[in-house]
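Reader: Got a minute to walk me through this one? Put it up and I'll ask as we go.

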Protein chains: 2
Amino acid sequence: MSRFWSSLTHDLKPYVPGEQPRIADLVKLNTNENPLGPSPRALEAIRGEAADTLRLYPDPQASALRATLATYHRVQPEQVFVGNGSDEVLAHAFAALLKHDAPLLFPDITYSFYPVYCRLFGIAYETVPLGEAMQIRIADYRRPAGAIIVPNPNAPTGIALSRREIAALLEQHPDVPVVIDEAYVDFGAETAIPLVASHRNLLVVQTMSKSRALAGLRIGYAIGDADLIEALTRVKDSFNSYPLGRPAQAGAIASLEDEAWFQQSRARVIEGRERLTRGLKSAGFEVLPSLANFVFARHPAHEGAALAAALRQHAVIVRHFTAPRISDYLRITVGTDEQTNRLLSALSRILG
Amino acid sequence: MSRFWSSLTHDLKPYVPGEQPRIADLVKLNTNENPLGPSPRALEAIRGEAADTLRLYPDPQASALRATLATYHRVQPEQVFVGNGSDEVLAHAFAALLKHDAPLLFPDITYSFYPVYCRLFGIAYETVPLGEAMQIRIADYRRPAGAIIVPNPNAPTGIALSRREIAALLEQHPDVPVVIDEAYVDFGAETAIPLVASHRNLLVVQTMSKSRALAGLRIGYAIGDADLIEALTRVKDSFNSYPLGRPAQAGAIASLEDEAWFQQSRARVIEGRERLTRGLKSAGFEVLPSLANFVFARHPAHEGAALAAALRQHAVIVRHFTAPRISDYLRITVGTDEQTNRLLSALSRILG
């Protein structure tokens with residue numbers, strides 16, 4: 001407690017990201033990073049920006065990147081917003097669009113940053129419990145709401161909604177902003193972007209950290225009606241005019257231009273997920289049906305915290321959450337086949 | 001006006017950054033960029049990060065960069081905060097440290113982002129008029145305050161306070177946070193960092209965009225008591241865990257390790273400023289005594305807006321502000337000698 005802090009600062013409960021340990025020969029399956037790596041074209045574009053021109057500010061509107069995203073996703077540039085990772089895009093969305101008199105709704109088990117943003121921006125919220133099978137039930141959102149945010153696939157369960165279900169949610173609540181957080185959508189789920197044309201209240205948020213393997217570069221974006229994008233831009237331009245540096249803008253554009261790499265990356269993660277799921281099931285785990293680049297799994301005979309600690313002894317790091325309903329589970333990133341093998345062999349030693 | 005926007009969004013008046021036009025052969029003297037360019041070592045470090053490891057998240061705490069900054073500035077790593085440009089660092093400082101019951105004080109003529117942050121975070125503020133010579137008068141800050149922020153040198157005047165004057169300000173207000181925004185300090189003014197050891201209420205904010213010519217990479221930082229830094233970290237970790245990508249962290253470290261380049265860059269800007277000042281005075285301008293990498297100048301016979309527009313016709317872009325007291329002035333970046341020559345020759349044609 002400090003007399004120099006604002007009262008807001010005292011009240012915050014910051015998000016705790018998965019750790020980035022520096023341990024040699026570690027099997028790092030805790031932060032859903034992509035095993036294949038970024039497009040070589042993106043790397044080349046970043047190298048090209050390591051030049052004298054770095055003395056100049058980047059384009060504050062990131063016009064070229066927004067135009068490229070617009071073409072890629074078949075929308076207009078005015079329907080695209082970019083930010084420093086999808087976490088920053090989400091932060092601006094919470095401030096610009098999700099704060100209203102009626103409460104914001106999101107699932108009780110979901111991305112744990114959402115309640116952190118609510119505290120930062122003073123947003124009243126209500127959580128909607130997942131069903132028995134840990135699935136989001138759209139019918140349960142039929143209640144008064146100032147706004148709604150739902151990840152699709154949900155995190156950390158990995159379970160996805162169909163585009164038809166998202167459309168049903170939008171039609172339940174045509175008068176309030178609905179954000180679909182699609183950080184993991186490229187690994188088999190359906191994006192809601194085609195619904196933007198017919199739903200002025202829809203904002204879709206995506207990231208280049210997972211399917212484009214650019215977590216180290218910090219690029220996220222949102223697609224929605226120009227009116228929603230203008231709200232994000234107003235908040236962004238009241239916070240930081242230049243969130244994306246020149247290497248980030250160039251790398252992102254080049255990544256979008258390498259569709260073959262992107263498709264290869266997606267396919268490899270999807271294959272790896274099936275392999276990981278089979279291996280975990282053979283080892284006695286229950287595995288939720290994931291369409292993300294991770295699986296959420298529990299062992300009927302072993303506590304999640306104990307398993308995570310034991311894996312760490314074998315230099316395998318997975319993510320464990322202590323929240324109610326999910327403390328038995330481990331969230332395990334889909335890595336390379338070799339990483340999956342090392343995980344499974346560590347588990348077989350731990351489980352005896 | 002949109003029903004989907006939060007009420008905050010409606011109330012914002014976003015900051016407008018200097019434009020980044022894409023005109024060939026333009027003399028761009030509007031956003032205080034460094035003519036020399038970044039250290040070749042920084043560029044090499046950025047190229048080194050264009051690698052497979054970009055698939056991994058960066059260190060959210062930027063520990064290596066903070067340690068390097070701590071060594072460089074002779075403080076402890078716990079006394080260092082880093083962000084996505086000094087604008088982001090300032091944004092977090094406004095939320096974390098500058099919002100109190102009593103009003104925030106800052107000069108009436110200063111960085112125009114300050115009132116924008118106040119509106120974003122709902123901070124009450126009072127402006128303190130500059131003196132007749134456009135200087136900040138510390139004695140005028142002897143009034144009730146919840147917090148204080150002062151740029152040193154001030155922008156857009158370029159006029160600096162001495163470290164002794166900053167110390168006097170700190171001693172006037174030992175019980176409230178005082179932020180010294182030193183974006184331009186490396187071009188001849190005295191940094192307040194040595195005062196951090198004896199003043200728990202002091203936060204010094206610096207940037208790598210100007211003296212280190214890394215505007216395109218987005219790196220800012222703050223130095224202060226660990227208690228103030230903790231407040232910034234709490235807000236940052238409630239907003240975006242990973243504001244600095246891997247290329248940015250590596251480039252910043254390498255830049256700090258190239259002291260010779262930094263000193264050369266500073267010296268060249270200081271020399272260029274003297275040359276620009278002499279040229280403008282010869283052309284009939286009044287030039288405020290600047291210790292920044294820009295000068296603030298007015299011509300007794302010509303309006304600022306008209307001069308800026310005329311210069312633009314000659315492909316020379318400078319910054320003009322419409323605010324009272326400064327609408328007659330132009331803010332002109334210290335460029336290369338060739339850019340200064342082109343500016344002066346355009347002025348001589350305009351002024352006849």
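Author: We can take the chain interface, then the domains, then some local geometry.

Reader: Ground rules?

Author: This is a predicted model: local features need pLDDT of at least 70, side-chain atom pairs count only at pLDDT 80 or more, and totals for chains, interfaces and linings use all residues. Residues are numbered from 1 along each chain as its sequence is written, chains are lettered from A and ligands numbered from 1 in the order in which they are written, and side-chain values use heavy atoms, with hydrogens and water left out.

Reader: How many residues are in contact between chain A and chain B?

Author: 85 residues of chain A touch 85 residues of chain B. Contact means heavy atoms within 4.5 Å.

Reader: And the area buried there?

Author: About 6,800 Å², with 57% of that from carbon and sulfur atoms. Buried area is the accessible area (1.4 Å probe) that two parts lose on being put together, summed over both.

Reader: Which residues of chain A lose the most area to chain B?

Author: A:Phe4, A:Tyr57 and A:Phe239. Together they make up 13% of what that side buries.

Reader: How many salt bridges between the chains?

Author: 2 between chain A and chain B. The rule wants a side-chain nitrogen of Lys or Arg within 4 Å of a carboxyl oxygen of Asp or Glu. A:Arg3 forms a salt bridge with B:Asp175, where the closest N and O atoms are 2.6 Å apart.

Reader: Polar contacts across that interface?

Author: 46 residue pairs, both partners at pLDDT 80 or more. A polar contact is a pair of N or O atoms within 3.5 Å; within protein, one must be able to donate a hydrogen and the other to accept it, and residues adjacent in sequence count only if both atoms are side-chain atoms.

Reader: Which elements give two or more residues to the chain A side?

Author: Among them are α1 (7-11), α4 (85-97) and α8 (246-256) of chain A. α4(A) gives the most, 7 residues. Helices here are DSSP runs (H or I, at least four residues), strands are E runs of at least two, and both are numbered from the N terminus.

Reader: Switching topic. Where are the domains in chain A?

Author: Domain 1 is 7-37 + 260-351, and domain 2 is 41-258. The bounds come from an automatic or database domain assignment. Their centres, taken over C-alpha atoms, are 24 Å apart.

Reader: What area is buried between them?

Author: About 2,700 Å², 62% of it from carbon and sulfur atoms. On the domain 1 side, A:Tyr15, A:Phe262 and A:Arg325 supply 27% of the area, more than any other three residues.

Reader: And salt bridges across that domain interface, how many?

Author: The rule finds 1. A:Arg325 also meets A:Asp108 in a salt bridge, 3.3 Å from N to O.

Reader: Polar pairs between the domains?

Author: 13, both residues at pLDDT 80 or more. On the domain 1 side, α9(A) gives the largest share, 8 residues.

Reader: Last topic, backbone. Which peptide bonds are cis?

Author: A:Asn152 to A:Pro153 is cis, with omega near -5°. B:Asn152 to B:Pro153 is cis too, omega near -5°. A:Pro153 lies in the loop between β5 (147-151) and α6 (163-172) of chain A.

Reader: What about phi of A:Arg218?

Author: Near 70°, a positive value in a residue other than glycine. A:Arg218 is in the loop between β7 (202-207) and β8 (220-224) of chain A.
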